[in-house]
Amino acid sequence: MKQTKTKKLILTAILTAAALVAFTIEAAIPPLTPIYGIKLGIANVFTLFTLYAVGKPYAAAVLFLRITLGSIFTGQLVSFIYSLTGGVLSFLLMLLLRRFFPVKQLWVLSALCAVMHNAGQLAAAMLMTSTVQLIYYLPVLIVSGIIAGVFTGLCAQLVLLRMNTEKLILGG
Amino acid sequence: MKNRIWIIIFSVTVLVCTAVWIGLSFFPSPSKIVGIYQNGSLVEKVDLTAQTGERSIELNGDYGKNIISVTHGRIEMKSADCPDKLCVKHGELKSAGSPIVCLPNRIVIKFENQSGSADAEAGALL
């Protein structure tokens, strides 16, 4: 039992590191569009993977460590508030809906959470700038959330379906 | 089967949102009065039709300086000190549906509601 716990802890650490690398690389790529919040969010593949393979608290650790360390490493503390708001909201939705979506429908959960993440970021931006007009960006952010969410969800789903996650934690 | 339902839901949402977005961003603003906001409060109001020659407006924020350029009928963010420069890439302010936004320095440039300003003028006349 104790051994399992240690294994999960190590696995979480490795996944956090991997998520951080993905996040840093993605941050180095110049934005594709002149609109805030449109990006793939490759790092979320690792959060989703942890959620399904290791467990809820571990996924929370991967997500929030990645956001905090990622903001420090990329030096963009501005985006920290937005990342955190989006992260908290989408993670809450993820926890709520986790039981309704088996691994085969992970892509749906991922898309819903990505939309929630973008909506949360937009809400934070609206509060920070006190500009209600930013709501105009909502349609674009919904579309980009669905596309990015389906993509990252499918990535995590395909890995999970091909991998024996039981063995990863329990086996030698 | 369940997957198919979700695919339909997502496709419809994507189509509707794209349509709304295209409608918003290509519908030119009837108003030519632009408001420049920082931290949510109005810094300056510019009438684009009244502008002759080129004028620069400098704004300082937490993350450096932004320079806004105004010429006749046209306003854009000329330069910014922030890392991503999304506001500069946005280009000219074209429609009410897509304001120029600088999140690091919390600057928003957008068209003002014409009817609102007309009401204000009517109020002033009375």
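1. Let me start with the sheet in chain B of this predicted model. Four strands make up an open sheet, and their order is β2-β1-β7-β6, with antiparallel pairing. The edge positions belong to β2 (41-47) and β6 (100-102) of chain B; each has a single partner strand, so one side of each is left without a neighbour in the sheet. On average, neighbouring strands here are turned by 15° against each other, direction ignored.

2. One edge of that sheet can be followed residue by residue. Strand β7 of chain B covers residues 107-111 and pairs with β6(B) in the antiparallel sense, over 3 bridges. If you want a position to click on, B:I100 stands opposite B:I109 in β7(B).

3. Next, a hairpin in chain B. How many residues lie between β3(B) and β4(B)? There are 2 residues between these strands, which form a hairpin. Strand β3 of chain B takes in residues 55-61 and strand β4 of chain B residues 64-71; the two run antiparallel and are joined by 7 bridges. Within the pair, B:L59 is found opposite B:N66 in β4(B).

4. Now over to chain A, which has 7 helices and 0 strands. Read from the N terminus, its elements are therefore simply α-α-α-α-α-α-α. With a radius of gyration of 16 Å, close to the 16 Å given by the globule rule for 172 residues, chain A is as compact as a globular protein of that length. The C-alpha trace of chain A spans about 55 × 30 × 25 Å along its principal axes.

5. A helix pair in chain A also deserves a look. Two packed helices are described by the angle between their axes and the distance between the axes. For helix α2 (residues 43-53) and helix α6 (residues 138-162) of chain A, the axes come within 9 Å and cross at roughly 40°. Angles under 35 degrees would count as roughly parallel, so α2(A) and α6(A) are oblique to each other. The crossing of α2(A) past α6(A) is right-handed.

6. Which residues make the contact between those helices? From α2(A) come A:V45, A:L48, A:F49, A:Y52 and A:A53. On the side of α6(A), the residues are A:T152, A:G153, A:C155, A:A156, A:V159 and A:L160. Sorted by class, the contact of α2(A) with α6(A) holds 9 nonpolar and 2 polar residues, and no charged residues.

Definitions and conventions:
Residues numbered from 1 in each chain as written. Chains lettered and ligands numbered in written order. Predicted model: local features only at pLDDT ≥ 70, side-chain atom pairs only at ≥ 80, totals over all residues. Heavy atoms only, no water. Pairing = 2+ DSSP bridges. Axes fitted to C-alpha atoms, helices over the stretch in contact; angles between N-to-C directions. Parallel < 35°, antiparallel > 145°, perpendicular 65-115°, else oblique. Left-handed = near helix turned anticlockwise from the far one by under 90°. Contact = heavy atoms within 4.5 Å. Nonpolar A, V, L, I, M, F, W, Y, C, P; charged D, E, K, R; others polar. Rg over C-alpha atoms; globule rule 2.2 N^0.38 Å.
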